[in-house]
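Here are some short exercises for you to work through with the model open. Take them one at a time, and try each task before reading its solution.

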Amino acid sequence: MRQETSSFETLTRNEYEGRTGLVYARVSSKKQEVEGHGRESQDQRCKRFLDSVNVKYEESFLDTFSGAGDFMKRPAMKALLDYIDSHPHRKYVVVFDDLKRFARDVEFHLKLRAAFKIRGVVLKCLNYNLDESPEGKYTEIILAAGGELERLQNARQVVQKQKARLERGCWTFNGKKGYDIVPDPIYRRIAVPNKEGRVLAKALEGFATGNLPRKIDVAEYLVRNNFWKKKHPPERHLDQVSKFLGECFYCGDIEYPRWEVSRRPGVHQALISRETFSLIQKRLYRDSARSKPRRNISDRFPLRGLLLCSDCKKPLTGAASRGRKNHYSYYFCFNKQCKLFNKNFAKKDVEETFRIVMQRNKLKADSGKVITAVFDRVWAEEIKTLEQEERLTLQHIKGLNEKVEELTEMVRRSSSESLKRAYEAQIEKALDELAHLKPHEENDLNVPYRTALKKATGLLQKPYKTWQSLNVIEKHRWFFFLFEAKLEYAKEDGFRTADSLSHTRLFEEFLGETPNLVRPLGFEPRTLEV
């Protein structure tokens, strides 16, 4: 009996003779990473094996990644193969804990085995004796298939549980932008609005009311208010803005069509009301919100792209034609299916009618007091919000600095290289967050804003004079501040939808002339309490 054991030990030593040990460990989630079957426990077990067979340990490669699919998408597995390739003259033995840690997909299990075999690597699984005999390969494939089946069954159970939570109104995935996911005694985890959420709420309400008429205006507002940590041009964020505007999550509902979960009330707190969300969806399908800014706008036709045909509701275009002696400029409908197709509206008549509309919509003299009162209230609320955000930011900065100091001390005390790398990664993440946290203490909150208020009021009191002083791009922006949508133009009736500008009607409502038409959202977009 002793002779047999001695022969086995000799065989084991010969199998690993001249080789250096590498360790591969993997878990599928962060939760597994910190539990008893986490990566570090696998790592230690594999190191103990190498020590028991007198093989020198060299490096560990630790993954937190699903075992399904292409193994080259696993960062540590790719790093392991690259490491072996970078030392072509060395012989290695790679130790891992269990076949499930190696791969949980039959196809890629076989491909991964072949990848190590080509490199001349000996594989050692602690929970299974890898055997190159036909029977051994057959058993290995059966076990790999069992791992794949278990993975697919687990995935199905997870989907079923997540779908059940979604049907209850609970968001089961990662947090949405503007929300934090926090523990909850009733729903286990729930989404709660954060500081970014307050900024996003104002942006969404601004789009709904027309104060931010286009997606690019929403993106500029969010960039200006530090919604994103990294400073990119607003154009880079247009896709994200489109998702925000079409996401019912922000009005308190959830849906997940992929799993056939229809829209329903959620248990999380909304940023905006459902009425506001409905207004956003209507605006998204208007030409002014849906189309990109025209690249061929010119000072010669400043209203091109802003007017609609009264018959087909398509945009009017503008062009010049040559007569016998002079050039003549016209606006006209270019829709071949419209009965007004190619019917010309003289440019001077259209723009003169527009001038009259603008000049007759001036703020009344007594509107100044209302504007000042509203502005003072909004200014006071903004100052209060800034001061509160300042306190929260300083507290967060203090907490991050303490976290960096604590992690730095843990790195100094730790003897495990893998733990040191994990701590250093957390330090780097905290320092990166600190770099983007800038307190507003350098801002002077007592600026003489009344000067700016007087200037803004003057612009509203003389809208057409302001229009004349702007270039064509600024005119288009100014247009959507004054009007809620593009204007319909008819040759006989002029502008049918421009009885009064949006800002003059708003302040007239405040003055009490038409109190029943006052908007529930008020003058300034606000964050609704739900």
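Rings of Phe, Tyr and Trp (its six-membered ring) pair if their centres lie within 6.5 Å; planes under 30 degrees apart count as stacked, over 60 as edge-to-face and the rest as tilted. This is a predicted model, where local features need pLDDT of at least 70, side-chain atom pairs count only at pLDDT 80 or more, and totals for chains, interfaces and linings use all residues. Residues are numbered from 1 along each chain as its sequence is written, and side-chain values use heavy atoms, leaving out hydrogens and water.

**Exercise 1.** Find the aromatic cluster that contains Trp171, and look for charges over its rings.

*Solution.* Start from Trp171 and collect its partners: Phe173, Tyr179, Phe227, Trp228, Phe244, Phe249, Tyr250, Tyr256 and Trp259 complete the cluster. Next, apply the test for a charge over a ring: NZ of Lys or CZ of Arg within 6 Å of the ring centre and within 35 degrees of the ring normal. Lys176 lies over the face of Phe249, 5.7 Å from the ring centre. Lys177 has its charged end over the ring of Phe227, at 5.2 Å from the centre.

**Exercise 2.** Classify the pair Tyr16 and Phe49.

*Solution.* First, the search of the whole structure gives 22 aromatic pairs. For Tyr16 and Phe49, the ring centres are 6.0 Å apart and the planes meet at 85 degrees, so this pair is edge-to-face. Finally, check burial (under 20% relative accessible area, exposed being over 50% and partly exposed in between, with a 1.4 Å probe and protein chains only): both Tyr16 and Phe49 are buried.
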